[in-house]
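Please open the model in a viewer and set the side chains to a stick representation. The tour below proceeds from one selection to the next.

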Amino acid sequence: MTTTVRRATRPRVEARVDLDALAHNVGLLAGLARGSGAATMAVVKADGYGHGAVDVARTALASGATWLGVCTLEEAAELRAAGIRAPVLSWLHLPDEDFAPAVADEVDLGVSSRAELEGVVAGAGRAGRPARVHLKIDTGLSRNGCPPEAWGDLLDAVEAARLAGDVEVAAVWSHLAHADAPAHPTIDVQATRLDGAWRTAAERLGGPRPWRHLANSAATLTRPDLHLDLVRPGIAVYGLDPLDAPDGHGLRPVMTFRTHVALVKRIAAGEGVSYGHEWVAPDDRVLALVPTGYADGVPRRLGGMMTVQLAGRRRPVVGRVCMDQVVVDLGPAAGDVPPVAPGDEVVLFGAGDAGEPTAAEWARWLDTIHYEVVTGVGCRPRVTRTTAGTSP
């Protein structure tokens, strides 16, 4: 006998992406960059911070960005496979990766070491064309990037590869450590170090003078002196303010995380809720079961502290967050219980316009950053990502 599975007419758990809000954010950021004479790269790594890299990329390019930034070669390949031909920079690689497809696809490549350069040169040889490279100098973040003492050696190797027709140098760049504190003294130190590395490269390398780029979201918003030739906003593209300003710098959060009530029930006073009975009903209560848990991106640590938007206002989640579900307290059974039924919408976080929790609020509850919140939701296989607004 064949069993037919009837599909739900709506997602069980949904990350809804507002492309109009995203277009607003990119337009704002690109406007700031244009005011400084800089181009704008929208960073779409990690599947567009969980928002969907291809939809984000198309919307960003239609809204003022002219470049796209990714972390891996696979992320760059996804954009090219979707027909996106705008300049793309991929910047974090293993030296032994196969760079040939990326070079053939005209993807710009970050280079931080001679070993990485050798891999890129080998890929260029297989692709039959020179690779465009962005040379990264470590100016104080102490992550990726060439150490200053090895910079001259890297430049010598790059110039030899350039003369051999294997590479073209597009830019010298770096990454800020304290951009979310705009007056932090290390920002100016890093900017000075980048300028020195760029000047040395411009003197020692033939060909066109390379660009410089340094500014991330926070520096794009607050440090126009560091916009240089190109800015690289990431989290701000998605409407989340890296500096937590009272007005959010005019950014509009893009993602809404929502689901629906699965069950409404009454429990008696003294009954415990969820594993471990960490919450016990103080009197007869009405509860709503919400089919979303830590497998969907609701961290287990939020048990007992998070609220959701349901029936027009905030409601507390009680008891532990489970793998697939949480329980919402609707109030005393003898009180003014809101009319809630299975199928009613539950907003876990959103833009905050209707009083619902936000990703920034989740981050405060979790003592983390909103980057982790949205990527932790949007990249989950059980969460259906949908879009609203105008997609190019």
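Which residue lies over the face of tryptophan 198? Select tryptophan 198 together with arginine 212: in this predicted model, arginine 212 is placed over the ring face, 4.4 Å from the ring centre.

Next, select tryptophan 173 and lysine 136. Lysine 136 lies over the face of tryptophan 173, at 4.4 Å from the ring centre.

Keep tryptophan 173 in view and turn to the aromatic pairs, of which a search of the whole structure finds 7. Add tryptophan 91 to the selection: tryptophan 91 and tryptophan 173 form a tilted pair, with 5.6 Å centre to centre and 55° between the planes. This pair joins distant parts of the chain, 82 residues apart. Tryptophan 91 belongs to the loop between strand 4 (88–90) and helix 5 (100–104), whereas tryptophan 173 is in strand 7 (residues 167–173). Both tryptophan 91 and tryptophan 173 are buried.

Now select phenylalanine 257 and phenylalanine 349. These rings also form a tilted aromatic pair, at 5.6 Å centre to centre with 50° between the planes. Here too the pair links distant parts of the chain: phenylalanine 257 in strand 10 (residues 255–260) and phenylalanine 349 in strand 18 (residues 345–349), 92 residues apart. Is phenylalanine 257 buried or exposed? Phenylalanine 257 is buried, because its relative accessible area is 0%, and buried means under 20%. Phenylalanine 349 likewise counts as buried, at 0% relative accessibility.

Finally, select Tyr49, Tyr238 and Tyr371, which form one aromatic cluster.

Note on methods
Residues numbered from 1 in each chain as written. Predicted model: local features only at pLDDT ≥ 70, side-chain atom pairs only at ≥ 80, totals over all residues. Heavy atoms only, no water. Phe/Tyr/Trp six-rings, centres within 6.5 Å; stacked < 30°, edge-to-face > 60°. Helix = DSSP H or I, 4+ residues; strand = E, 2+ residues; numbered from the N terminus. Buried < 20%, exposed > 50% of the residue type's maximum accessible area, 1.4 Å probe, protein only. Lys NZ or Arg CZ within 6 Å of the ring centre and 35° of its normal.
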